[in-house]
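Hi,

Here is the structure I promised to pass on. Have a look first, and my notes follow underneath.

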Amino acid sequence: MHQLLQQIFSGLAAGAIYASVALALVMIYRATDLVNFAQGEMAMFSTYIAWTLVNAGLPFWAAFVITLIVSFAGGMVIERLLIRPVENAPVLAAVIVTIGLLLIFNSVAGWIYSYTVQDFPSPFPDRPVFGALMTTRDLGVIAVTLVMLALLFAFFRFTSTGLAMRAAAQNPVSARLCGIRVGRMLAIGWGLAAAIGATAGIMVAPVLFLDPNMMGGVLIYAFTGALLGGITSPVGAVVGGLIVGVTENLVGTYLIASQLKLTVAFALIILVLVFRPNGLFGTAIVKRV
Amino acid sequence: MAPILELRALKAFYGQSEVVHGIDVAVEEGGMTVLLGANGAGKTTTLRAICGMVRSEGEILFAGQKLHRRATEDIAGLGVAHVPEGRGTFIGLTVEENLRLGGYTRRRRAQEGVQRMYGYFPILAQRRRQQAGALSGGEQQMLAIARALMMGPRLLVLDEPSFGLAPRIVDDIFAIVERIRRDERVSVLLVEQNASLALQLADHAYLIETGYVVASGTAKALADDPQIRRSYLGY
Amino acid sequence: MERPLGIAAPGVLAGDRYAGLTAGAWRWIAALVAIALAAALPFGLSKYHVFELTMVMIYAIAVLGLNILTGYNGQISLGHGGFFAAGAYTAAILMHRYGVPYWATLPPAGLICFVLGILFGLPALRFEGPYLALVTLAMALATPQLLKYFDTWTGGQQGINLVKPSPPADLPLDRDRWLYLFVLVILIVAMRIAANLLHGRTGRALVAIRDHPIAAAAMGINNARYKTLAFGTSTLFTGVAGALAAIVVGYVSPEGYSIFLSVSFLVGSAVGGIATIGGAVIGGLFIEYVPNLANDISEAAPWAVYGLAMLVFMYSMPRGVVGTLAPLISQRRRRLALRWAGIERKGSVES
């Protein structure tokens, strides 16, 4: 029993990371109807920036804040320069562009920083808590994810920019008629997603250790979690990410044929989707004739 | 009085097809001008051209400024508020959020603007927290107009406000529009298929057929014209 | 004011003749010339280049399968590498364990992949857009794991080594050139079948389902049946390609069928043009040559160059090479034909 609870809780901690990246994916999907396959690699690259700053002597939180700002700006630039040309093109073209960005970020990171695995400091001490069910680091990660979700919620619900972004995503033509610069809203959306991704990367690096391939698996699980929760729902993203984390952990622990961990985990999740093809919290894409 | 909006030799295109073939229209400041015509005449396309939503050639002058080639959001910022065909409300957002969006370009005065809109359209105040998509057709039209007025525009562009609405509701809406025009001192450019109602309210009218202006003048002159009466007013 | 011309202007009707032959006849001639050139090609090249071109054609068949699904059916698949593997391993196991001759492994490989595609396509009906991408992605990721797990059949991590087939005794060809011609024939047959399928009733139904599913259903098209069949046909093509790859390379192992293979197919499909048949060949060229070229350009970050190539293609030709160029060419042809027939177009109005 103790082991089961332990696995569930450490699954929640892993799931919190998937949830964060899933949150970024949902943000971009709501704004631009695109899955950003490069989200994980962008996050990895941001983490390397943070690592460089920390190695240069900056205190952790200063490096964190600077990385967030740089990532936000980078996300905006990527949207304006690299995604805008295919925003009105067939969906597949945009998908290929994000996959191309994935390859570019991964390869360039490997070139600049090499593929040697690096250590990365964590702001949270690693002490056991709740009778060794979790560590303070796990709690820290979950707390950060929930804080991000709350901040995003407040941003979209209570600020004019957040409202304008929601409007631009729902009905870009009407948004323009209200004087909203839809292009800028899209860029801000990507910037926020990049900042969220950076946060996720910085939380993952102490655990998985920093190397260019750090986020590959995370992206796949985040994508799964986002879809499980409903690709249009931020709350769904978090719930989905957490569920995926726990499922992955439990399957890994209790499945005898451990080489099939990924297969079984996916099979379970897809089973759920068969009954809820738009995810747990997703709304069906209503098609008007 | 100088016209607040002038279209000179305006051509408008849907993709490659030229739909409006060089028209001249003027909207007097503080007045109401209506574009009449049958379905497909090019009236909506003209309005879209003014707001930069379709490709156009020719001149569009708004309060002395050239609008041609400007982005839609810039034109909105200059003081042109467009209520599109089909209303264009944000159906996934609440009534109050829709109004706040109208006030996006004037954020500091937004709250007072919202209260004023509730004054003109009390039914919206009642439904302020409901999703716009749950409103009836007439209420959505009022919301769309209110949202446009939140921008504090000098020119209000209305595309077929009576579309799909019961006559009594249409009368209510037009009464409010007339009141607003006087109180807020907004010029109005209206596109309507309901010719008799439009000619009663408007000062000037243009009749558009297949992309050409075939008649223009004061609303009274067009309403008295026997040919127009036969073709568009039914008597 | 000039009246714009109406619909099919005289001069471009099907029965018209250019230098004595109809447009259709000219197309046949062009195709025969292309085939003859392709058949002659291997005799002027080194063995390695012949091998590379054979792989190009194999990838083209695989991408053609993906085109049927994605281009004509609007369903994005990130999992076709899995079906490629299924075809490859079917062929490998049949040849290695049961001594089946190489050419006889193609039908079973195709059939098994067709059935797999139908089985996959049925539940896949429930999923749209990114959800379908996830389900197919899961398949692509599961494939190497499953291949390693069932190692009694698949040889596990080690894979299966195969003997490369010899050409028939009476032909004066070496192995590589024989395989090239063998694959060429399969490619031509595949393209012909795809063309018949997609330019006929089935194709129109698929496009209708892709673009206006509700209207299509209202017109009596059985969406479910067509979509499932499209899936099965698509995987059949890719499975046969996989079998050919196993035969030509002479080796199968789980490493060769990773997620990257599925992504490559998708990239090849997009670069060539998803709703085209000729684009599959362009896709095959991209998949075979661009990684090597990328390596030549930058040894330190070759995949960055590959990624950059993807971006450049998508920015310049978002509908793929054939998807972008074909409409331009046919527009050009129409204008030339009209001018030839003596009809001038005035003004900016195009019908």
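Of the 235 residues of chain B, 46% are buried (20 or more other C-beta atoms within 10 Å of the residue's own, with 12 or fewer counting as exposed, anything in between as partly exposed, and C-beta atoms placed from the backbone). Keep in mind that this is a predicted model, where local features need pLDDT of at least 70, side-chain atom pairs count only at pLDDT 80 or more, and totals for chains, interfaces and linings use all residues. Residues are numbered from 1 along each chain as its sequence is written, while chains are lettered from A and ligands numbered from 1 in the order in which they are written.

Chain B has 10 helices and 10 strands (DSSP runs numbered from the N terminus: H or I of at least four residues for helices, E of at least two for strands). Its radius of gyration is 17 Å, close to the 18 Å from the globule rule for 235 residues, so chain B is as compact as a globular protein of that length (taken over C-alpha atoms; the rule is 2.2 Å times the number of residues to the power 0.38). The C-alpha trace of chain B spans about 45 × 40 × 35 Å along its principal axes.

Now for chains C and A: 36 residues of chain C are in contact with 38 of chain A (C-beta atoms, placed from the backbone, within 7 Å). On the chain C side, H5(C) gives the largest share, 11 residues.

Cheers

Terms used: Contact = placed C-beta atoms within 7 Å.
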